[in-house]
Amino acid sequence: PPREAEVAAERLRVGTAAGALEVAAARFTVAGSVSATEGEPALELSLTAEGVELPATPAGAAAFGRRIGALGAEVVLTGPVPPGRHPAARAEVWRDGGGTAELRALTLRWGPVGATAAATLALDEALQPMGAGTLRLSGAVQALEALAEAGLVTRRAAATARAVIPLLSRTPAGGGAPEIEVPLTLEDRTLAIARIPVTRLMPVVWPER
C-alpha cells in the first residue's frame, strides 16, 4: 500500500436512504509505516469537514439542527505492525506488543455545542476497545436545553445539570465562552462521562480465521 494518501472534496453530495448528505469541504489523509516499532506511529489518520448538512433531523439531530459547522479528528495507531493474515490474531499480537490508538484531537462545532476531546485507547482481553481521555465542552447549558426540548433529557435531569454546570465551568485563558472539562472512560464497552455511564457500545466482531 502507499505510504501516504490524501483525498479532498468540495461540494460533496451523497445520497442516502434518508435523503442527501452534503459537505461543503472535506479532507482526509493517511500515512503509514510497516517498520514502526513500539511507540512509533504505524498509521496516522486525519479528517476535517466543514459545512455538513444532514439529510434529515432525527431525534438526536433535531436538538442541534441539521448543519454541523465543522468536525475533525486525528488518530494515530502505534506499532509494531504484526504480520499475518488473520485480523483477530494480528490484533492480539498488536495489543500484547503495547499497541495503542491515540485520539489526539476530536473537534466539533454543531449548533450551540463546541467540543474537543482526546483519548488513548487499547484492546482489552476480549479484543474490545478500552481507554480514557478528556472532554472539553462549551455551550453545555444551551445543549441541555435543546436536548430537553427534544425530549432526549428529562426536564428534571436538565434542571439538576444546569445547576451543576456553572460550578464546573471555567473561562479559557484567551477568553471566550465558558467551558467544562470532564474525564472520559471506556471499559467493558461502556462509555462514561465524569464516571456516569452514558452508552454501551456494540461489540467489535473480528472475522473468523
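## Two pockets and a nonpolar core

In this predicted model, strand 2, strand 3, strand 4 (67-78), helix 2 (87-96) and strand 6 each supply at least two residues of the lining of the second largest pocket. Among these elements, helix 2 provides the largest share of that lining, with four residues. The pocket itself has a volume of about 650 Å³, and of the 28 residues that line it, Ala42, Leu43, Leu77, Val81 and Trp94 are the closest to its centre. Sorted by class, the lining of this second largest pocket comprises 22 nonpolar, four polar and two charged residues.

Strand 2, one of the contributors to that lining, spans residues 19-32 and includes Thr29. Thr29 has a relative accessible area of 17%, and because buried means under 20%, Thr29 counts as buried. When residues up to four places away in sequence are not counted, Thr29 touches Ala5 and Glu6 and, further along the chain, Glu44, Leu45 and Ser46.

The largest pocket has a volume of about 1,200 Å³. Of the 40 residues that line this pocket, Leu135, Leu137, Val182, Leu184 and Ile193 are the closest to its centre. At least two residues of the lining come from each of strand 5 (101-110), strand 6, strand 7, helix 3, helix 4 (155-168), strand 8, strand 9 (190-193) and strand 10 (196-200), and strand 6 gives the most, with six residues. The lining of the largest pocket is made up of 35 nonpolar and five polar residues, with no charged residues. Strand 6 also supplies at least two residues of the lining of the second largest pocket.

From the pockets the description turns to the nonpolar core. The largest such core holds 20 residues, of which Val52, Phe64, Val113, Leu135 and Leu137 touch the most other members. Strand 3 (41-53), strand 6 (113-123), strand 7 (129-138), helix 3 (140-149) and strand 8 (179-187) each supply at least two residues of this core, with helix 3 giving the most, four residues.

Leu135 and Leu137 link the two descriptions, as both are among the core residues that touch the most other members and both are among the lining residues closest to the centre of the largest pocket. Leaving aside neighbours within four places in sequence, Leu135 is in contact with Ala115, Thr116 and Ala117, with Ile180, Glu181, Val182 and Leu184, and with Ile193. Of these contacts of Leu135, Val182, Leu184 and Ile193 are likewise listed among the residues closest to the centre of the largest pocket.

Definitions and conventions. Residues are numbered from 1 along each chain as its sequence is written. This is a predicted model: local features need pLDDT of at least 70, side-chain atom pairs count only at pLDDT 80 or more; totals for chains, interfaces and linings use all residues. Side-chain values use heavy atoms; hydrogens and water are left out. Buried means under 20% relative accessible area, exposed over 50%, partly exposed in between (1.4 Å probe, protein chains only). Contact means heavy atoms within 4.5 Å. A nonpolar core is a set of buried Ala, Val, Leu, Ile, Met, Phe, Trp, Tyr and Cys residues joined through side-chain atoms within 4.5 Å. On a 1 Å grid over the protein atoms alone, a cavity is a set of points where a 1.4 Å probe fits but cannot get out, and a pocket is an open set with protein on both sides within 12 Å along at least five of seven lines; lining residues have an atom within 4 Å of a point. Grid points are joined across faces, edges and corners, and a volume is the space filled by probe spheres set on the points. Ala, Val, Leu, Ile, Met, Phe, Trp, Tyr, Cys and Pro count as nonpolar, Asp, Glu, Lys and Arg as charged, and the others, Gly among them, as polar.
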